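Thank you all for coming; I would like to walk you through one structure, slowly, and please stop me if a term is unclear. Let us put it on the screen.

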Amino acid sequence: MFRKSWMQLVLGGALCAAVAGCGSSSSGGSSSSSRDLKIAYQANIASFDPDNSFEVAGLGAIRAVYQGLVTYSPNSTKLVGLLAKNWTISGGGTTYTFHLRSDVKFHDGTAMTSKSVKAAFTRRSNPKLILSYFLAGVKSMSTPDPHTFVVKLSGPEPYFLDSLASAWGPKVVGPDALQAHAGKDVSMSYLNTHADGTGPFTLTNFSQGQSYTLTRFANYWGRKPYFNTVKISVIPNIEQQILQLRNGQLDMVLHGYPYDQLKTVSSPLNIFAYNDLGLEMGYINTSGPLKNPAWRKRVAAAVNPSGWVSQAFGSRATVAHSLFPKLMPQPGSPLAYPPAPGGGGGAMPTVRVVYTQEEAGVQQRVGDLLVARLQAAGIKASARSVPQAQLTSWYKKPGAAPADLVIVQENPDDASPQSMVGDFYVAGSPLNVFNYTTPGANALFQKAFKQRSEQTANSLYFAGTKMLFDRGAFLPFADLKDIIVYRGNLTDFSPVPAVPWNIDLGTVRRG
């Protein structure tokens, strides 16, 4: 889904044409079928620029080419160093001193230094770039020596390291892109279809809307990748992806394999389940026919997830207890759905349940279950899919949207509650499907954003989201594991939270 952070809203913060066959200059290894990894994306990578793209589709490829200073440990929200070996925090939480690795080379062959890191962060700070808001709180940057990089913030940001670890967080881009190909647009045209990073793979082919190729980087500083090449094709239809997986044309289906078909998966196919902070949610349109709070209460009572989550997802999901994924901090008391019938309010209109076509493999089953539960509660209901682009336009005029309950799997930018609130629960963000908030909740969120203490901020976030839940606007359904179905003996997927529908292409191996 298209992404925009609340931090950008608070602080005031023509994708590329199709160009084929371009990438960075250095690569290593020779190609063979056993050392080729074949995967598919459901959507086109519109831009490979790590500073100027919200897309989920290309995250795995971009993270295989580009790296940041810190990351999350696999299967954990623990922050660990990546291009930074370690760091210290001083100045009352406003100064971050990063001690950089000394053995890192860019794909153009030059060595990474603190000056090249500063150049990349300076580029990311440019307001012309979509993701500049990640560094909106930065006051200054300095390079005391070639392997020390210092960032000073305008004020304390308890979740600053989480934002750096985000899949959309700042990446270190090399001088070949930022200097030799700066052009007149801070390298935006060049980086749409080319790359110069520090990761285990280089970008050697970018055929937009068709295919992309990553090639093993011989001078990678870390553990060398097993695969010589990663071949990525664009296959929007999940049934076609599954067919190609079964025929051996693909090595894995990364996202969208229908949960109700998993029981039929058998050798040589295998299943890998992991927690990517996925939260199955419902958005209720409070500006449409369900503007009556009593009607929203009846709907909430009918779709209580305790009655259907296991039917939809089996053992790969648990009932959600808050509007934050369970790997995040949780409020002391779980949110409680209203008991049936939940109030009167006269004859209710038909409840139109909607999900996106891109997510139909997962959400159609959920939609059918919700319709059945609504009808069992005496509420007329229907379910259908719509193009994702249509759904993401409804926040502008929610009252005119042809939907009353939208079901989605949401994934935040990072593993902090602030990210979850900023991405989904603040009016003005396109990820807030019906652009709903209340003055009381918004005031709590604004106050939380200014806190120095994570504990205090979290308490305010919990209080604000409870207010939204009590008003029947946001319904948490399930903490949902993502599923990868793959062929043969692939191992070492090393997934990290807040990187949905992707694996670590640098660590995955055969055998």
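In which strand is Ile89 found? If you follow the chain to residues 84–90, you reach strand E4, and Ile89 is found there. Before I say anything else about this residue, please keep in mind that what we are looking at is a predicted model.

The average pLDDT of the chain is 90, and 92% of the residues score at least 70. There is, however, a stretch to read with care, since over residues 1–32 the pLDDT stays under 50, although the model has 110 contacts there beyond four places in sequence.

Let us return to Ile89, and ask whether this residue is buried or exposed. Its relative accessible area is 47%, and because exposed would require over 50% and buried under 20%, we call Ile89 partly exposed. Leaving aside residues up to four places away in sequence, Ile89 touches Thr95, Tyr96 and Leu161. His107, by comparison, is 18 residues from Ile89 in sequence, while in space the two lie 31 Å apart, C-alpha to C-alpha.

Now I would like to move along the chain to strand E12, which covers residues 269–284. Which strands does E12 pair with? One of them is E17, residues 474–487, which runs antiparallel to E12 and is joined to it by twelve bridges; within this pairing, Tyr283 has Phe474 of E17 as its bridge partner. Another is E16, residues 405–410, where the pairing with E12 is again antiparallel and extends over six bridges, and here you can find Gly282 standing opposite Ile407 of E16.

Methods:
Residues numbered from 1 in each chain as written. Predicted model: local features only at pLDDT ≥ 70, side-chain atom pairs only at ≥ 80, totals over all residues. Heavy atoms only, no water. Helix = DSSP H or I, 4+ residues; strand = E, 2+ residues; numbered from the N terminus. Buried < 20%, exposed > 50% of the residue type's maximum accessible area, 1.4 Å probe, protein only. Contact = heavy atoms within 4.5 Å. pLDDT = per-residue confidence, 0-100. Pairing = 2+ DSSP bridges.
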